[in-house]
Amino acid sequence: MDEMRAGTPDPRGLAALILGASLLGFAAMLVRWAAPAGPLAVGFYRMAIALPPVAWLAWRARASARPGLGRARVWAGVAGLCFVGDLWMWHTSLHHTSAANATLLVTLAPIWVAIVSVLWLGARLRRRFWLGVFLALGGALILGLAKGARWGTGLGELLGALASLAYGAFTLALGRARQELSAPEALFWVVLWCGLGFGLLGLAQGEAFTGYPARAWWALAGLGIVVQVVAWWFITWGMGHVSTNMGAMGLMTQPVATVILGWFLLGESVKPMQGLGTLLVLAGIAACAFAPPVTAPGKG
């Protein structure tokens with residue numbers, strides 16, 4: 001934490017963040033295999049299955065908890081609700097535009113995080129960091145075009161852009177919570193509020209929560225354990241050791257991992273454009289990693 005505040009990137013935090021974001025690449029395949037479960041039911045079971053092991057991790061870490069952390073827990077709850085909004089709008093956008101369009105627009109999140117950090121949080125970002133952001137966004141654009149991203153009716157694109165705002169807000173709120181909470185406790189409150197949010201929205205929209213085939217239940221178990229517990233523990237821990245802007249950039253590893261896992265596990269072909277996009281995303285993340293925020297005079 002001290003290294004992060006002083007502007008020096010912690011390689012352990014960055015490695016954990018990238019590993020966790022890479023494991024998120026399994027999410028797209030597992031969501032596909034969880035059919036016919038609807039998106040809100042998938043979100044609910046993902047959180048419900050993850051909650052017991054996450055609660056156990058938080059209970060084990062209780063000795064390190066400090067009193068007076070109510071505000072930090074509120075920030076973790078806000079992060080959870082923002083994550084619900086992000087996935088809800090993203091899944092809804094898939095009904096109005098292509099998956100490539102929706103996924104591409106969500107990658108705008110690092111831009112919103114950087115803008116909020118500069119305008120409201122007083123961060124001073126180096127030119128190299130902005131170069132890394134645009135390199136990674138360019139790579140994400142190429143990945144989207146390679147997957148067939150095209151402008152649709154406009155509604156799906158609007159929802160995708162709003163989802164990116166929610167994802168940016170989630171990243172900022174989680175970063176704020178991790179300034180005071182341990183990774184297990186922050187993850188516990190995020191998962192708890194996510195589960196409540198997905199469950200209530202699913203009931204309100206009349207989604208079915210039962211009657212799935214065995215393959216769907218195995219996929220939901222994988223989402224809960226591999227994605228929500230393992231991947232997000234690494235991400236949550238890493239967010240406590242890097243700047244929020246670097247955290248948002250590190251999460252852009254996910255679309256790269258999705259392409260690689262799709263090729264390795266599903267036999268999907270990788271086009272040259274996808275290879276180029278992957279390299280640009282990784283180059284952008286590397287540029288940001290070596291361009292920590294400028295330390296304000298009198299701090300650190």
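Helices (H or I, at least four residues) and strands (E, at least two) are DSSP runs, numbered from the N terminus. E180 lies in the loop between α9 and α10.

The model is predicted: local features need pLDDT of at least 70, side-chain atom pairs count only at pLDDT 80 or more, and totals for chains, interfaces and linings use all residues. Residues are numbered from 1 along each chain as its sequence is written, and side-chain values use heavy atoms, with hydrogens and water left out.

**Exercise 1. Fold and confidence**

Task: State how many helices and strands the protein has, and where pLDDT stays under 50.

Solution.
- Step 1. The protein has 14 helices and zero strands.
- Step 2. pLDDT is the predictor's confidence in each residue, from 0 to 100. Its mean over the protein is 79, and 79% of the residues reach 70 or more.
- Step 3. Residues 1-6 stay under 50 in pLDDT; the model has 13 contacts for them beyond four places in sequence, where contact means heavy atoms within 4.5 Å.
- Step 4. Residues 296-300 also stay under 50, with three contacts beyond four places in sequence.
- Step 5. Among contacts between residues at least 6 apart in sequence, 92% join residues at least 24 apart.

**Exercise 2. Burial and the nonpolar core**

Task: Determine what share of the residues is buried, and which helix gives the most to the largest nonpolar core.

Solution.
- Step 1. Buried means under 20% relative accessible area, exposed over 50%, and partly exposed in between (1.4 Å probe, protein chains only). Buried residues make up 51% of the 300 residues.
- Step 2. A nonpolar core is a set of buried Ala, Val, Leu, Ile, Met, Phe, Trp, Tyr and Cys residues joined through side-chain atoms within 4.5 Å. The largest one has 72 residues, and those with the most contacts inside it are F83, Y167, F170, L174, W232 and M249.
- Step 3. Helix α11 (residues 214-239) gives the most to this core, with ten residues.
- Step 4. In soluble globular proteins, nonpolar side chains tend to be buried together.
- Step 5. Beyond its neighbours within four places in sequence, M249 is in contact with P110, F129, G132, V133, A136, G284, I285 and C288.

**Exercise 3. Two buried polar residues**

Task: Place N245 and T171 in their helices, and list what each one touches.

Solution.
- Step 1. N245 sits in helix α12 (residues 244-250). N245 counts as buried because its relative accessibility is 4%.
- Step 2. Residues up to four places away in sequence set aside, N245 touches V113, A114, S117, L125 and F129.
- Step 3. I115 is 130 residues from N245 in sequence, yet the two C-alpha atoms are 9.6 Å apart in space.
- Step 4. T171 belongs to helix α9 (residues 155-177). Its relative accessible area is 2%, so T171 is buried.
- Step 5. With the same exclusion of residues up to four places away, T171 touches V113, M239, T244, A248 and L251.

**Exercise 4. Salt bridges**

Task: Find the salt bridges, and say which one links distant parts of the chain.

Solution.
- Step 1. A salt bridge is a side-chain nitrogen of Lys or Arg within 4 Å of a carboxyl oxygen of Asp or Glu. The structure holds two.
- Step 2. One joins R73 and E185, with the closest N and O atoms 2.4 Å apart. This pair links distant parts of the chain: R73 is in helix α5 (residues 70-93) and E185 in helix α10 (residues 183-204), 112 residues apart.
- Step 3. R73 counts as partly exposed because its relative accessibility is 27%, whereas E185, at 11%, counts as buried.
- Step 4. E180 and R176 form a salt bridge at 3.0 Å, N to O. E180 is partly exposed at 24%, and R176 is partly exposed at 23%.
- Step 5. E180 and A72 are 108 residues apart in sequence and 6.3 Å apart in space, C-alpha to C-alpha.

**Exercise 5. The surface**

Task: Give the accessible surface of the protein, and name the residues of a nonpolar surface patch.

Solution.
- Step 1. Accessible areas come from the Shrake-Rupley method with a 1.4 Å probe; for residues, only the protein chains shown count as cover. The total is about 13,800 Å², of which 71% belongs to carbon and sulfur atoms.
- Step 2. Patches are made of residues with over 30% relative accessible area and no salt bridge; like charges are joined within 9 Å, nonpolar side chains (Val, Leu, Ile, Met, Phe, Trp, Tyr) within 5 Å. I115, V118, L119 and W120 make a nonpolar patch of about 430 Å².
- Step 3. W120 lies in the loop between α7 (109-119) and α8 (127-146). W120 counts as exposed because its relative accessibility is 65%.
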